[in-house]
Structure formats: structure tokens, C-alpha cells
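Here are my notes on the model you sent over, point by point. Please keep the viewer open as you read.

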Amino acid sequence: MGEAPIGAVIVDPATDQIIAEAHNQPIRDHDPTAHAEILALRRAAKALGNYRLTGLEMFVTLEPCAMCAGAISHARIGRLVYAASDEKGGAITHGPKFFDQPTCHWRTEFHSGVLSEESADMLRSFFRARRKARTDAT
């Protein structure tokens with residue numbers, strides 16, 4: 001699809017039910033906010049009829065950016081689990097460390113490193129192939 005292979009799933013830990021899932025779609029949707037986390041939050045809120053997703057858990061391939069961290073906080077997600085760290089664009093344990101900021105009104109519990117090597121390898125392979133395609137096209 002040409003999109004960065006980042007996916008997000010929102011689960012109700014009380015029932016182990018998947019409430020929403022999404023993958024990156026900013027290119028397809030012509031929408032810079034169409035990150036997997038944002039789309040999953042929108043779908044979960046719509047499915048539950050509530051923008052507050054307190055107590056739910058989000059699992060995502062890559063450390064969320066600042067925009068997504070803010071949305072996760074506003075949605076009041078109970079726990080965030082992400083696989084690969086993102087030293088360049090991540091905002092949880094890198095960059096602004098969003099949940100540590102005094103202006104963050106909801107501090108989501110987070111864990112990182114689950115399937116990190118597999119996720120990092122998938123992302124590296126994707127971007128390596130994109131660079132090669134650009135080089136081959138010139």
C-alpha cells in the first residue's frame with residue numbers, strides 16, 4: 001500500500017475483546033493525521049459511543065509520535081504497549097516524553113519492547129525497499 005507498516009489495536013482487557021484496529025493511511029487518505037493510533041482511537045470511540053476510552057489498552061508497532069501521544073492522553077487510554085522505539089520521532093521515551101510533561105493531564109501507563117526486534121526489522125525492511133525503489137527510479 002506504500003504506507004509505513006505501523007498498526008494499532010485497542011483492546012478491552014476485561015473481556016480481551018478487540019474494540020478497534022487500524023494501520024497508517026496518511027498517503028491513501030491525503031491526511032497527515034491518519035496515523036494508526038489516531039484511526040484506532042476514532043474507531044474505538046465511535047464503537048463505544050464515547051471519546052473517553054478509560055481502562056482500554058492500545059498496542060502499537062512503533063513508539064507513538066507527539067500527536068498520537070496527545071490523542072492517547074486525551075482519550076484516557078489506560079495502558080499503551082509499543083514494540084519498537086523511535087529515537088527520531090517517538091514521544092513517549094524519546095523526544096518530548098509526552099506523559100512526563102506537567103501539561104499532560106492524563107498519564108497513560110506504558111510499556112515498550114514487546115516484539116521490538118520483529119517490528120524494527122519490518123520497518124527497516126520497508127524503508128530500505130522504498131530507498132531502493134527511489135534509487136532505481138533515477
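1. Some vocabulary comes in handy before the tour: helices (H or I, at least four residues) and strands (E, at least two) are DSSP runs, numbered from the N terminus. Residues are numbered from 1 along each chain as its sequence is written. Please bear in mind that this is a predicted model, in which local features need pLDDT of at least 70 and side-chain atom pairs count only at pLDDT 80 or more, while totals for chains, interfaces and linings use all residues; side-chain values use heavy atoms, with hydrogens and water left out.

2. Let's begin with the overall layout. The protein chain contains four helices and five strands, and along the sequence they follow the pattern β-β-α-α-β-α-β-β-α. The C-alpha trace spans about 50 × 30 × 25 Å along its principal axes. The radius of gyration, taken over C-alpha atoms, is 15 Å, which agrees with the value near 14 Å for a compact globule of 138 residues; the globule rule is 2.2 Å times the number of residues to the power 0.38.

3. How do the five strands line up in the sheet? They form an open, mixed sheet in the order β2-β1-β3-β4-β5, where two strands pair if DSSP finds at least two bridges between them. The edge strands, each pairing on one side only, are β2 (17-23) and β5 (109-112). On average, neighbouring strands are turned by 15° against each other, direction ignored.

4. Two of the pairings are worth a look in the viewer. Strands β1 and β2 run antiparallel and are joined by six bridges, with Ile10 opposite Ala20 in β2. By contrast, β3 (residues 57-62) and β4 (residues 79-84) run parallel, with five bridges between them; here Val60 stands opposite Tyr82 in β4.

5. Helix α2 (residues 36-48) lies across β1 (7-12), β2 and β3, and runs at about 140° to β2. Axes here are lines fitted to C-alpha atoms, for helices over the stretch in contact, and angles run from 0 to 180 degrees between N-to-C directions. Contact means heavy atoms within 4.5 Å.

6. Next, the interior. Buried residues (under 20% relative accessible area; exposed is over 50%, partly exposed in between, with a 1.4 Å probe and protein chains only) make up 39% of the 138 residues. A nonpolar core is a set of buried Ala, Val, Leu, Ile, Met, Phe, Trp, Tyr and Cys residues joined through side-chain atoms within 4.5 Å. The largest one has 32 residues, and those with the most contacts inside it are Ile10, Leu41, Leu53, Met58, Ile77 and Leu80. Two or more residues each come from β1, β2, α2, β3, α3 (66-75), β4 and α4 (116-137), and α2 gives the most, with six residues.

7. Which residues touch Leu80, leaving aside its neighbours within four places in sequence? The list includes Met58, Val60, Pro64, Ile72, Ile92, Phe99 and Phe110. For the chain as a whole, residues 24 or more positions apart account for 54% of the contacts with a separation of 6 or more.

8. Helix α3 deserves its own point. Its buried residues are Cys68, Ala69, Gly70, Ile72, Ser73 and Ala75, and what covers them includes α2, β3 and β4. Met67 also lies in α3, but counts as partly exposed because its relative accessibility is 32%. Beyond its neighbours within four places in sequence, Met67 is in contact with Pro32, Thr33, His35 and Ile38. Just after the helix, Arg76 takes a positive phi of about 65°.

9. Two loop residues also caught my eye for their backbone angles. Asp16 lies in the loop between β1 and β2, a hairpin with four residues between the strands. Asp16 has a positive phi of about 60° although it is not a glycine, and at 64% relative accessibility it counts as exposed. Lys97, in the loop between β4 and β5, has a positive phi near 45° and is likewise a residue other than glycine. Is Lys97 exposed or partly exposed? Its relative accessibility is 38%, so it counts as partly exposed.
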